[in-house]
Amino acid sequence: MGLQRSPSSKQKVRSFLKAAKDENKSDLSTDMRTPHLSDPCINIEPISLDLSYNSWVVDHPSALGSFDRMMKAAKGKRMVVFLDYDGTLSPIVDNPDRAFMSDEMRAAVLEVAKYFPTAIISGRSRAKVKEFVKLSNVYYAGSHGMDIMAPPRRVKSTDGKHHTAAGLDRKESEVPFQPAKKFLPAIQEILTKLEEKTKAIQGVRIEDNSFCVSVHFRQVREEDYDLLEERVKSVVESYPEFHLTEGKMVLEVRPSITWNKGHALEYLLETLGFSNSSDVLPVYIGDDRTDEDAFKVIRSRGQGYPIIVSSNPKDTSALFSLQDPSEVLTFLSRLARWKNLGLGSRRKKRKLGFLCINYGKEGSIYVDK
Ligand SMILES: [Mg+2]
């Protein structure tokens, strides 16, 4: 139980919360293995940050700069798109209830989902992220993948073929998959206790994410970090089947089951019918530590594009990078346009073929028009 560090080291816990605040101010990840701004012995000037980023981006090239190369390698493959929400499709904001995505971003995701199976995998509750995204042509996985709405798992019948709920349209055939369902009563208890124990600390926001509870401390005063840490831990310690994880200015209480965003990605690939496809190319775009599990799954598959959203160097399993949600928007727009142009040119070729059959060489005149 506890934060992912030695539970006996209170000092380390304190420095995590302070480092998280530094991360918020400087947007420099606490994951970074190179010198950290909070280290009192090191004075890193902005120019050093630029140099550090420039060196990091060599290993994690921009997905925009690499776009043509990526799409060339994707030809003939079936791309499936996975998107985190906060910090990827929406900006990180002080009030998590107001992390709205822009209309432009929504239009871009809508377009992408027209051409590729697309799923949003978020730490928020599934209902909350759906409320933010407001699209019906994407799949939703909330609570870090512990609450997925997708087609049912395919079953292999005696004829050796896989079957799903044939005859139903896509939405009718979707069913929830909730591997942490048995923890729901305990989660509600934890939520109530956390609200009670932290209500005196100014700026704390407790968010019910259905299968996990988030304690946002973005607006908590730095001098209250230790108190908050202590109170959250005192609640979680009474529940041995739960543990704490860390995100961007948020502590999360989660059931201790072996299930994360990486498992959710695999589950969705399977239920969408791609688990055994050698030509499937998953694209995953995310900005936080919890997205690393999905990046690792893609890397272990040997095919796909794990893309981290970060404007600063950080330790990651992603292969490509985008600096911020505005670059995510550009990438998604280009992806949809690339597919649309590809389909357009195939339609045009088919049409030209038809004209040539009917008009012989005259068909070429049509091209000039
Ligand atoms: Mg995120």
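This passage describes a sheet, its strands and several helices in a predicted model.

The central element is an open sheet of eight strands. The strand order is E7-E4-E3-E2-E1-E12-E13-E14, and the pairing is mixed. Strand E7 (175-177) and strand E14 form the edges, since each pairs on one side only. From one strand to the next, the twist averages 20°.

Strands E2 and E3 are considered next. E2 covers residues 118-121, and E3 covers residues 139-142. The two strands pair in the parallel sense, with three bridges. Ala119 stands opposite Tyr139 of E3. Helix H5 (residues 126-133) packs on the sheet. This helix touches E2, E3 and strand E4 (147-150). The direction of H5 makes about 135° with that of E3.

The residues of E3 point in two directions. Tyr139 and Ala141 point one way, while Tyr140 and Gly142 point the other way. All of these residues are buried. The chain reaches E3 from E2 by crossing through H5, and this β-α-β crossover is right-handed.

E3 also pairs with E4. Here the sense is antiparallel, again with three bridges. Ala141 has Ile148 as its bridge partner in E4. Together, E3 and E4 form a hairpin, with four residues between the strands. Within the turn, Ser143 has a positive phi of about 50°.

Attention now moves to strand E13, which spans residues 305-309. This strand is mostly covered, as five of its five residues are buried. Tyr305, Ile307 and Val309 point one way from E13. Pro306 and Ile308 point the other way. Residues on both sides are thus named as buried.

E13 has a partner in strand E12 (residues 280-286). E12 and E13 pair in the parallel sense over four bridges. Tyr284 stands opposite Pro306 in E13. Between these strands, the chain passes through helix H9 (residues 292-301). This β-α-β crossover is right-handed.

E13 also pairs with E14, a strand of residues 320-322. Three bridges join E13 and E14, which run parallel. Val309 has its bridge partner in E14, namely Leu322.

Two further helices complete the description. Helix H7 covers residues 225-236 and holds 12 residues. At 1.5 Å a residue, H7 should span 16 Å. The end C-alpha atoms of H7 are 17 Å apart, so the expected span and the model agree. The buried residues of H7 are Tyr225, Leu228, Glu229, Arg231, Val232, Val235 and Val236. An α-helix has 3.6 residues a turn, so residues three or four places apart point the same way.

Helix H4 (residues 103-115) contains Ala107. Ala107 counts as partly exposed because it has 15 C-beta neighbours inside 10 Å. A residue needs 20 or more such neighbours to be buried, and 12 or fewer to be exposed. Ala107 and Leu135 are 28 residues apart in sequence. In space, their C-alpha atoms are 9.3 Å apart.

Notes. Residues numbered from 1 in each chain as written. Predicted model: local features only at pLDDT ≥ 70, side-chain atom pairs only at ≥ 80, totals over all residues. Pairing = 2+ DSSP bridges. Right-handed = clockwise from strand over helix to strand, strands pointing away. Expected span 1.5 Å × (residues − 1). Axes fitted to C-alpha atoms, helices over the stretch in contact; angles between N-to-C directions. Contact = placed C-beta atoms within 7 Å.
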